[in-house]
Amino acid sequence: MMDRALGERLPVLAAALRGPGTASGDARAEVLTLLTGADDDVTWLALAVISGQLPTTATVQRVRRAAQLDGPEVILKAALEALRIEGGRAEVQVASGAVVIDIEHLSRTSLGTGIQRVTRETLKRWAKDHEITAAGWLTDHTAMRRLTEPELSVALGHTKAVLAPVGMAPAVRRPQVIVPWESTYVLPEVVLEPGRTRRLEPLFRFSRSRTAAIGFDTVPLTSAETSAADVPPHFALELAAIRHVDRVATISEAAGTEYLGWRTMVRSMGLAGPDIAAISLPVEAAEPSPAALAEASCRYVVPTIPMVLCVGSHEPRKNHLAVLHAAELLWRSGVEFSLLFVGGNAWKSEGFTQRLAELRASGRPVESVLGLSDRLLWALYSLAHCTVFPSVNEGFGLPVAESLASGTPAITSQFGSMLEIACDGGALTVDPRDDHSLAAALRSLLTDRALHERLVLETRSRPQRTWDQYAAETWDYLVDQNVSAAAGL
Amino acid sequence: MASDGTVARGPRPVARVTAVAARREPTAVAALAQRLRAAGDVLLVESPAVDPDPARDAAQLLSALVGCARDSATAGPTWLLLTAVTGAYPTADDVVGLRRALELTHDATDAELMVMDHMAATVSADGLPPVQIEILEGGVVVDVDFSAQNDKQTGIQRVTRRVCALWDADHSTTLLAWSADHNGHRRLTRRETLRVLRHGMPVEPDDHLMPEPTSLLCVPWRCTVVLTEVPPEPAAAVLAALAEFSGSDVVAIGYDAIPVTSAELRPVVDAGVFVKYLTVLKHARRIAGISASSASEFRGFSEALAAQGLPGPSVVEVMLATQIAPGTGSAPVSGLPRVLCIGSHELHKNHLAVLHCAEMLWRSGLEFELHFVGGDGWDMSDFRSRTDALRSQGRPLVDHGRLPDDDMWRLCRDASFTVFPSLHEGFGLPVSESLACGTPVITTDYGSTREIAAAGGCVLVDPRDDAALEAQMRRLLTNPEDLARLRAEARAYEPKTWSAYASELWEALVTTTVGAADEA
């Protein structure tokens with residue numbers, strides 16, 4: 001097995017190192033000649049191709065230094081030791097010149113999170129308009145592999161997964177490991193597995209590729225009090241890798257502010273850090289069907305009183321306790337409305353659950369719904385009198401944008417990405433750390449008919465932004481401009 | 001001032017210290033009454049007359065304090081009320097939750113009952129002891145928890161101890177540590193005070209016999225709370241709430257953000273601890289970075305906070321001091337030239353590059369000794385296997401491990417030059433110490449090491465380029481003129497003194513925050 005692997009991989013490595021030209025007879029001899037005086041880049045490539053595993057930075061540097069002292073055989077020897085463990089099952093391909101899109105999460109799970117929606121909608125359009133290589137990772141996160149057509153189809157939501165249950169590794173007869181080299185690599189998702197981030201960092205540094213990522217937010221770094229304890233360390237490892245990418249497209253100006261602050265931190269280490277640009281997410285409202293409207297109305301709307309909708313998981317960052325408090329202040333003062341939460345329970349949502357139960361017990365018209373279908377959610381956006389979303393930190397306040405795209409006024413925070421969305425009209429902004437500011441805005445929208453009508457009108461003249469635009473702009477910035485910047489064009 | 005455990009030196013007027021009952025284990029009710037009275041003394045315009053029955057006294061105080069918290073536009077009184085009621089600092093959720101609940105209560109009795117319910121729930125859930133509290137109003141307190149309880153004396157503890165001792169001579173400050181359960185601050189024991197202010201000095205026999213103060217909490221109120229070190233991790237949540245709500249200004253020395261910016265070179269848990277520290281700093285008023293480079297790291301963090309609508313701390317640079325004991329510049333010992341590398345064997349110190357360059361030079365026929373001084377780092381495996389291999393080949397390589405300062409400085413004075421190609425430093429102390437010893441340095445061409453090197457005596461290299469490091473080591477080993485010129489520059493180096501650092505730091509963190517000098 002090992003001999004076969006080596007027999008296959010030596011010519012692959014020789015071809016990648018040689019570039020265009022004719023192979024000499026003895027691949028091993030040719031490789032050793034090509035590896036003489038190897039720098040970190042070449043050492044990285046040789047280790048990756050021969051072992052079928054992406055090496056870590058420490059390994060690359062150790063082997064390169066040893067080869068400098070004792071000759072290029074050292075590199076082959078180190079790679080062969082790793083190959084012995086890996087077993088040499090995979091077919092290794094060097095993805096020179098390709099545009100590799102890393103969609104490991106999307107290819108394994110469909111969680112329906114905001115991040116997955118961004119990855120899927122963007123990838124659909126990139127795959128249609130451009131030649132791409134969609135990549136996932138081996139289950140042990142030691143190497144990237146080419147996704148099969150059926151896998152890609154499932155990831156994009158074109159077909160339902162049938163081969164493997166959700167969360168399981170797809171059955172692949174012989175994985176095709178791909179090693180990006182003088183290629184373009186784009187990461188349109190968040191990576192929290194240390195195995196991947198520890199291999200991505202050297203990939204960004206040594207693969208001679210143009211590299212890029214979408215930046216969603218830096219919440220685990222800047223608002224760790226709102227993250228489960230295991231997230232920030234793994235996020236810090238991702239940031240350690242992202243230090244070395246060429247470009248980051250953030251999903252809002254506010255996320256850009258966060259990444260720029262982080263880049264300032266990184267520059268203390270003598271690293272330039274990535275070029276950063278904000279490319280705001282789009283929102284395309286779905287027109288709810290009459291059946292969905294009827295069903296949602298019958299089930300979730302209290303006749304004769306307006307419904308206030310709050311969409312999002314009940315983690316502390318979303319500030320749903322403030323919403324409950326503001327609502328109770330208004331109910332006590334005689335304002336009539338129902339309050340509907342749509343979103344899952346999340347880390348530290350117990351306080352919300354308890355307070356909700358208390359208010360329900362005292363007869364308030366408030367309800368929380370879990371796991372609602374998109375079909376009914378769009379109907380609710382349409383049926384709501386207004387929405388509230390007073391989060392204290394968001395990379396992009398999707399429910400605000402969705403509400404406004406549905407023609408429903410929103411109340412949201414007066415800073416960050418939420419303010420950016422609110423600026424185009426149809427929203428009131430408040431200080432989310434001041435319950436009275438929130439209560440006052442909600443009271444106005446519920447009692448001032450003229451104000452409500454004006455905001456509804458404003459929602460109709462908001463600029464439209466589509467996934468097609470977003471996909472085109474991100475491809476241009478992360479791929480086309482990135483490649484031409486490297487070529488000095 | 002019954003529990004004052006500080007060394008009697010210089011004026012020590014604490015603005016307001018409330019009376020503390022006799023030192024015996026108080027009953028829960030008596031302790032509650034004491035805590036509420038202490039809070040009443042600072043919160044109420046007029047405290048009710050003392051009722052000899054502690055239960056009745058607590059009841060009348062609670063009623064007045066709940067009214068005060070309810071009527072206040074700011075969260076400070078709620079924070080202090082919670083601290084007094086439970087005998088522990090509250091979290092942000094506690095403060096915000098109580099303010100909401102108080103707003104919804106129908107009348108004063110309702111509110112008092114609710115606060116009592118909260119107390120009962122918290123005290124039983126967290127197993128809180130019936131402590132008494134002392135409130136420090138309007139002064140400057142320094143959180144020195146680690147330096148007070150540990151004898152370790154590396155970078156941060158050295159800064160903490162030097163600064164505290166110098167401030168103690170010139171200003172009125174109170175040193176605080178955390179209670180065993182991290183429920184709140186406490187004063188230092190006499191032993192701990194000496195460990196901070198007179199570290200390394202002989203301890204008088206009497207000092208061991210001094211009675212230890214009781215475990216009462218010492219609560220800053222409208223104070224400046226100075227963090228000279230990273231506070232204990234379990235205290236982060238309540239300290240963040242103190243910074244956000246209590247009305248005290250939290251200010252800090254900023255060292256570096258390596259655990260989050262270079263997470264791949266540190267144990268994974270470090271990043272988790274550090275982000276908790278950042279949850280405190282996001283509500284701090286001021287941070288003094290120990291170099292321009294360090295200040296820029298914390299400024300980057302502060303600027304990122306705009307995305308969540310927070311102003312973030314203002315960040316200034318107060319460059320750290322370097323002071324070494326005077327010693328004779330002994331003539332270089334006969335025999336091979338010595339190259340010295342100072343610093344713990346952490347991965348970001350880049351010692352593997354130093355080993356590699358040395359071996360390249362040895363193989364090319366150059367003769368020199370390579371010495372390391374510094375403690376073990378997190379991951380020693382590669383360093384150990386390389387040094388073992390080189391030694392077994394007979395290379396003149398010595399790893400001294402940790403050495404007393406005087407021994408280290410003697411080695412430094414005798415060295416031909418030092419190498420310090422660290423990937424990341426808040427302040428590259430080995431660079432300034434080497435220069436203070438009159439010994440040239442090869443160091444990193446960016447960040448704080450570059451700032452220090454501006455004074456001369458240094459050669460700058462890209463630490464990620466082994467060839468560059470090797471070339472400069474070769475140059476200093478083979479070019480006596482260059483080395484002599486650098487040595488002359490190094491001899492002219494005038495390091496910043498600790499007293500200059502301490503007074504600049506006071507100016508930057510305390511005077512500026514308070515607005516005007518608070519010294520009599």
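## The largest cavity

In this predicted model, the largest cavity is lined by B:Arg158, B:Arg162, B:Ala321, B:Thr322, B:Gln323, B:Trp409, B:Leu429, B:Glu433 and B:Trp498. Two elements of chain B, α7 (155–170) and α16 (429–436), give two or more residues to this lining. Sorted by the character of their side chains, the lining residues divide into four nonpolar, two polar and three charged.

The volume of the largest cavity is about 50 Å³, and the structure holds three cavities of 30 Å³ or more.

## The domains of chain B

Where does the largest cavity lie with respect to the domains of chain B? Both domain 2 (135–321 + 501–514) and domain 3 (338–491) of chain B give residues to its lining, and therefore the cavity lies between these two domains.

The domain assignment of chain B also gives a domain 1, which covers residues 28–131. Taken over C-alpha atoms, the centres of domain 1 of chain B and domain 3 of chain B are separated by 59 Å.

## The domains of chain A

For chain A, the domain assignment gives domain 1 (2–89), domain 2 (94–282 + 470–486) and domain 3 (290–460). Domain 2 of chain A is thus written as two stretches of the chain, 94–282 and 470–486.

The C-alpha centres of domain 1 of chain A and domain 2 of chain A lie 26 Å apart. Between these two domains, 22 residues of domain 1 of chain A are in contact with 22 residues of domain 2 of chain A.

## A sheet of nine strands in chain A

Strands of a sheet pair through backbone hydrogen bonds, and the pairing can be either parallel or antiparallel. One open sheet of chain A has nine strands in the order β1-β5-β4-β3-β2-β6-β7-β8-β9, and its pairing is mixed. Its edge strands are β1 (91–96) and β9 (275–278) of chain A, each of which pairs on one side only, while the twist from one strand to the next averages 30°.

Within this sheet, strand β4 (residues 144–146) of chain A runs antiparallel to strand β5 (residues 176–181) of chain A, and two bridges join them. A:Arg145 has A:Val177 in β5(A) as its bridge partner. Helix α9 (residues 194–206) of chain A packs on the sheet, where it touches β2 (99–102), β3 (133–137), β4, β5, β6 (184–187) and β7 (210–215) of chain A. The direction of helix α9 of chain A makes about 145° with that of β6(A).

## A sheet of six strands in chain A

Another open sheet of chain A has six strands, with the order β12-β11-β10-β13-β14-β15 and parallel pairing. The strands at its edges are β12 (366–369) and β15 (427–430) of chain A, each pairing on one side only, and the twist averages 25° from one strand to the next.

How many bridges join strand β10 of chain A to strand β11 of chain A? Five bridges join β10 (residues 307–311) to β11 (residues 338–342), and the two strands run parallel. A:Cys310 stands opposite A:Phe341 in β11(A).

Helices also pack on this sheet, among them α14 (residues 320–332) of chain A, which touches β10, β11, β12 and β13 (386–389) of chain A and whose direction makes about 170° with that of β11(A). Helix α19 (residues 435–447) of chain A packs on the sheet as well, touching β10, β13, β14 (410–413) and β15 of chain A, and its direction makes about 160° with that of β15(A).

Conventions: Residues numbered from 1 in each chain as written. Chains lettered and ligands numbered in written order. Predicted model: local features only at pLDDT ≥ 70, side-chain atom pairs only at ≥ 80, totals over all residues. Heavy atoms only, no water. Domains from an automatic or database assignment. 1 Å grid on protein atoms, 1.4 Å probe; cavity = no way out; pocket = protein on both sides within 12 Å on 5 of 7 lines; lining within 4 Å. Points joined across faces, edges and corners; volume = space filled by probe spheres on them. Helix = DSSP H or I, 4+ residues; strand = E, 2+ residues; numbered from the N terminus. Nonpolar A, V, L, I, M, F, W, Y, C, P; charged D, E, K, R; others polar. Pairing = 2+ DSSP bridges. Axes fitted to C-alpha atoms, helices over the stretch in contact; angles between N-to-C directions. Contact = heavy atoms within 4.5 Å.
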